[in-house]
Amino acid sequence: MKILVAVKRVIDYNVQIRVKEDGSGVHTDNVKMSTNPPDDNAVEEAVKLKESGKVKEVVAITIGEEKAQETVRKALAVGADRGIHVKADSYIEPLGIAKILKKVVEKEKPDMVFLGKQAIDDDCNQTGQMLAAMLNWPQGTFTSKVNLKDKSMEIVREIDEGLETIEINLPAIVTCDLRLNEPRYASLPNIMKAKKKPIEPMVAKDLGVDITNRIQQIKVEEPPKRKGGIKVSSVAELVSKLKNEAKVI
Amino acid sequence: MSLLLIAEHDNSKLKVFTLNAINAASKIDGDVHVLVAGSGCENVAKEVAAVPLVKKVLLCDSPNYKNYLPENLAPLVTKVAEKYDNIVASANTFGKNFMPRVAAALDVSQVSDVTKINSADTFIRPIYAGNAFATVKSNDKKKCITIRPTSFDPAPKTGGSAQVEKVEAVAVPNNSKFIKREETKSERPELGTARVVISGGRGMESADNFKLITAIADKLNAAVGASRAAVDAGYISNDHQVGQTGKVVVPDLYIAVGISGAIQHLAGMKESKIIVAINKDGEAPIFSIADYGLEADLFKALPEFLAELNKLNTIQK
């Protein structure tokens, strides 16, 4: 079996983002960038399935500017076999990304596509589900456990009420939760080896799909700043403040 | 044209966040129609019909929709959506699961997690874990929108009498199967709608120590929350997680215990009216947003907190 894993380059999750003064977006110059965290879980799960012998090949794909290739390199360093980099210079909405991925799926014919459940930059939570609909494949979203069988997968999903177990037929889409696994670090020898693994270049606008953005970003603003409060010196003072000042208990 | 909203329910009762979504939807288009798709869910349709903001209820009662499998539900919504300009659902694990499938089928770019409606086509939504807010204008003729329920008040529940119209089920792909749902049952209020939330983090050190939190939760009639670190460590189940990839809560009082305050956690609670932080590390970032900070060892502070609450004559419920 074969897995296609999609990875996205985003501002590192530890960075406190700064909104541009002109409201056109957030600062990205000289800001640390990394793979979107749940995408690391998607790569890890694919590699684990390969190590178990059930999966023969893991292909990592990213869509984005030149430097987005780093995320594919990282996936190759932890065990993906080869990469695809679909070059795109500007932001593409999840709908356009899903269309590009569909094109690649039709060419690569994987049995599964793994993605992170959500990107931590635009927080859209759409791409996996959209791709599933376009391919008419079933999906397991917010996945925290995967059990791959011969023709299907049993998936445990994290939902608001608790946990849900479903079985989906292959081919299928899986969007991964942070609790699915513990992504490994790449060892130095594997990072060196990954440099020799092939990354196939493609160009988004040459794929023959409509990736025009439909949503116009009018402005980006900082949220209202929350004023810092006071420190209380004892539990008794805290309870008294909550009762008599804030009047919330 | 009218607006189509997809109700969330458990086949016998409407989930409360649907009321918040109905209120939000009515600000986009006053002609709100609600689709209730499920199995044996006639009572839910009746409940929705009583909501005064709802102008029409569409009931699709079929075993196909019993467990809201998105592979089955999305084609139905897509079909019904033909007659509508706006398709709306809550931005929780229910809406997030099926709505992008509908948007893709309709070739629409979805607007996710809307927190404010500026006009029929312009919305505000948080990005970067709520560290920025984007004002966006959708240029799609048909729009698929998910609403952050906690950013809107619930619509009044009674007084209306909308007409209930039956809708035929559509073909299903038979490529997915529901096996089971393990819901965490609790006597306490729901995390998403509780007036008071008390959350524990890594500082709790064990699942057993969460008893210190639940004792106070019971006293305050509060819901229990947790940071991702506490859930990852197995102290408490995933449905308690507050944050960017967990739940967003906006209670009157949020008490963060042993939580340092990573931006991903703050994303889920910083709109709370009053925030209390109890942490032994005086430099913890949570203190920078807390209205009342107590620098203390939680294992001493929590029992004292409970004792102080016990001294009070009255506690708001």
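A crossing of two helices is left-handed if the near helix is turned anticlockwise from the far one by less than a right angle, and right-handed if clockwise. That term comes up in two of the views below. This is a predicted model, where local features need pLDDT of at least 70, side-chain atom pairs count only at pLDDT 80 or more, and totals for chains, interfaces and linings use all residues. Residues are numbered from 1 along each chain as its sequence is written, while chains are lettered from A and ligands numbered from 1 in the order in which they are written.

**View 1. Here are helices α3 and α4 of chain B where they cross.** The crossing of α3(B) and α4(B) is right-handed. Helices here are DSSP runs of H or I with at least four residues, strands are runs of E with at least two, and numbering starts from the N terminus. α3(B) covers residues 70–80 and α4(B) residues 93–105; their axes come within 9 Å and cross at roughly 45 degrees. That angle makes the pair oblique (under 35 degrees counts as roughly parallel, over 145 as roughly antiparallel, 65 to 115 as roughly perpendicular, and the rest as oblique). The axes are lines fitted to C-alpha atoms, for helices over the stretch in contact, and angles run from 0 to 180 degrees between N-to-C directions. On the α3(B) side you'll find Pro70(B), Leu73(B), Ala74(B), Val77(B) and Thr78(B), meeting Asn97(B), Phe98(B), Arg101(B), Val102(B) and Ala105(B) of α4(B). Two residues are in contact if their C-beta atoms, placed from the backbone, lie within 7 Å. Sorted by type, the residues of this contact are seven nonpolar, two polar and one charged (Ala, Val, Leu, Ile, Met, Phe, Trp, Tyr, Cys and Pro count as nonpolar, Asp, Glu, Lys and Arg as charged, and the others, Gly among them, as polar).

**View 2. This one shows where chain B meets chain A.** On the chain B side, 75 residues are in contact with 65 residues of chain A. Those chain B residues split into 32 nonpolar, 23 polar and 20 charged.

**View 3. Now for a helix from each chain, α6(A) and α8(B).** Helix α6(A) spans residues 235–245 and α8(B) residues 298–311, and their axes come within 9 Å, crossing at roughly 45 degrees. These two are therefore oblique to each other, and their crossing is right-handed. Val235(A), Ala236(A) and Val239(A) make the contact from α6(A), while α8(B) brings in Ala301(B), Glu304(B), Phe305(B), Glu308(B) and Leu309(B). The tally is six nonpolar, no polar and two charged.

**View 4. Strands from both chains pair up here.** Two strands pair if DSSP finds at least two bridges between them. Strand β13(A), residues 230–232, pairs with β16(B), residues 292–295, in the parallel sense over three bridges; Ile230(A) has Tyr292(B) as its bridge partner. There's also an open sheet of four strands, ordered β12(A)-β8(B)-β7(B)-β6(B), with antiparallel pairing. Its edge strands, β12(A) (215–221) and β6(B) (116–117), each pair on one side only. Six bridges join β12(A) to β8(B), residues 132–138, and among the partners are Gln217(A) and Val136(B).

**View 5. Zoom in on Ile215(A), which sits in strand β12 of chain A.** Is Ile215(A) buried or exposed? With 22 C-beta neighbours inside 10 Å, Ile215(A) counts as buried (a residue is buried if 20 or more other C-beta atoms lie within 10 Å of its own, exposed if 12 or fewer, and partly exposed in between, with C-beta atoms placed from the backbone). Setting aside neighbours within four places in sequence, its contacts are Glu93(A), Ser109(B), Val111(B), Val136(B), Ser138(B) and Asn139(B).

**View 6. Next up is Ala132(A), in helix α4 (residues 127–135) of chain A.** Ala132(A) has 31 C-beta neighbours inside 10 Å, so this residue counts as buried too. Beyond four places in sequence, Ala132(A) touches Trp137(A), Pro138(A), Gln139(A), Ile173(A) and Arg101(B).

**View 7. Last comes strand β6 of chain A, residues 112–116.** Five of its five residues are buried, so β6(A) is largely enclosed by the rest of the structure. Met112(A), Phe114(A) and Gly116(A) point one way, and Val113(A) and Leu115(A) the other. β6(A) pairs in the parallel sense with β1(A), residues 2–6, over three bridges, one of them linking Leu4(A) and Val113(A). Five bridges join β6(A) to β10(A), residues 172–176, also parallel, and Gly116(A) has Cys176(A) as its bridge partner.
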